[in-house]
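Me: I would like to learn how to read the features of a structure that is new to me, one feature at a time. Could you take me through it slowly?

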Amino acid sequence: MGLSVTISAADARDAEQILKLQYLCYQSEAELYGDWSIEPLTQSLDAVRAELAEGYGLVARLGDEVIASVRARTDEDGTVHIAKLIVHPRMRRHGIGGRLLDAIERHFAGADTAPKRFQLFTGHRSEGNLRLYRAKGYAQVGVREVGPQLTLVTLEKAA
């Protein structure tokens, strides 16, 4: 009998596995943009723990292994900022990223104070990410050049 992927809330105990997975997942992004100094590759374990404590995170597990994760927080304007949606390279293209995105949106939509919008960003060359986000109803609302190789595309949708 095979293992099923389960999604649950992340907590400080998951931070180390999330950080290791994040480092693995962002290698392809760093290569795509020729920049290994991107924040997900330089983030500390304490910073991951702080993001989980200040916001909300989810992990997807296959057995005991964390194979995907996402983090989000709400700002004072009612925008849910979704960040660092990652899926282990061997588990990509199986719908796990979409399931995590749906789950994080459901979590915030069910909160006491309903959000106004969901917002996220990705690099302009990250076609797989852009395709997923557009398929989930996100539309481009802005771009910001952060270096000679990288332009961040901001996408959002109404809550």
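Me: At what angle do H1 and helix H3 pack, and how far apart are their axes?

Reply: Two packed helices are described by the angle between their axes and the distance between the axes. In this predicted model, H1 and helix H3 (residues 45-54) pack at an angle of about 115°, and their axes are 9 Å apart. Here axes are lines fitted to C-alpha atoms, for helices over the stretch in contact, and angles run from 0 to 180 degrees between N-to-C directions; helices (H or I, at least four residues) and strands (E, at least two) are DSSP runs, numbered from the N terminus. H1 and H3 are therefore roughly perpendicular to each other, since angles under 35 degrees count as roughly parallel, over 145 as roughly antiparallel, 65 to 115 as roughly perpendicular and the rest as oblique. The crossing of H1 and H3 is right-handed, where right-handed means that the near helix is turned clockwise from the far one by less than a right angle, and left-handed that it is turned anticlockwise.

Me: Which rules apply to the numbering and to the values?

Reply: Residues are numbered from 1 along each chain as its sequence is written, and side-chain values use heavy atoms, with hydrogens and water left out. Because this is a predicted model, local features need pLDDT of at least 70 and side-chain atom pairs count only at pLDDT 80 or more, while totals for chains, interfaces and linings use all residues.

Me: How many residues does helix H1 have, and where does H1 bend?

Reply: An α-helix has 3.6 residues a turn, so residues three or four places apart point the same way. Helix H1 (residues 15-33) has 19 residues and reaches 26 Å from its first C-alpha to its last, close to the 27 Å expected (1.5 Å times one less than its number of residues). H1 bends by about 35° at Tyr26, the bend being the angle between axes fitted to the seven residues ending there and the seven starting there. Among the buried residues of H1 are Ile18, Leu21, Gln22, Cys25 and Tyr26, where buried means under 20% relative accessible area, exposed over 50% and partly exposed in between (1.4 Å probe, protein chains only). Glu16, also in helix H1, counts as partly exposed at 45% relative accessibility.

Me: How many aromatic pairs does a search of the whole structure find?

Reply: A pair of aromatic rings is described by the distance of the centres and the angle of the planes. The search finds two aromatic pairs, with rings of Phe, Tyr and Trp (its six-membered ring) pairing if their centres lie within 6.5 Å, and planes under 30 degrees apart counting as stacked, over 60 as edge-to-face and the rest as tilted. The rings of Tyr56 and Phe108 have their centres 6.2 Å apart and their planes at 90°, so this pair is edge-to-face. It links distant parts of the chain, with Tyr56 in strand E2 (residues 56-62) and Phe108 in helix H4 (residues 96-109), 52 residues apart. Phe108 counts as buried, at 10% relative accessibility.

Me: Which sign does phi have at Lys84 and at Arg93?

Reply: Most residues other than glycine have a negative phi. Lys84, although not a glycine, has a positive phi of about 55°, and Arg93, not a glycine either, has a positive phi of about 70°. Lys84 sits in strand E4 (residues 79-87) and counts as buried at 11% relative accessibility, whereas Arg93 lies in the loop between E4 and H4 and is exposed, with a relative accessible area of 75%.
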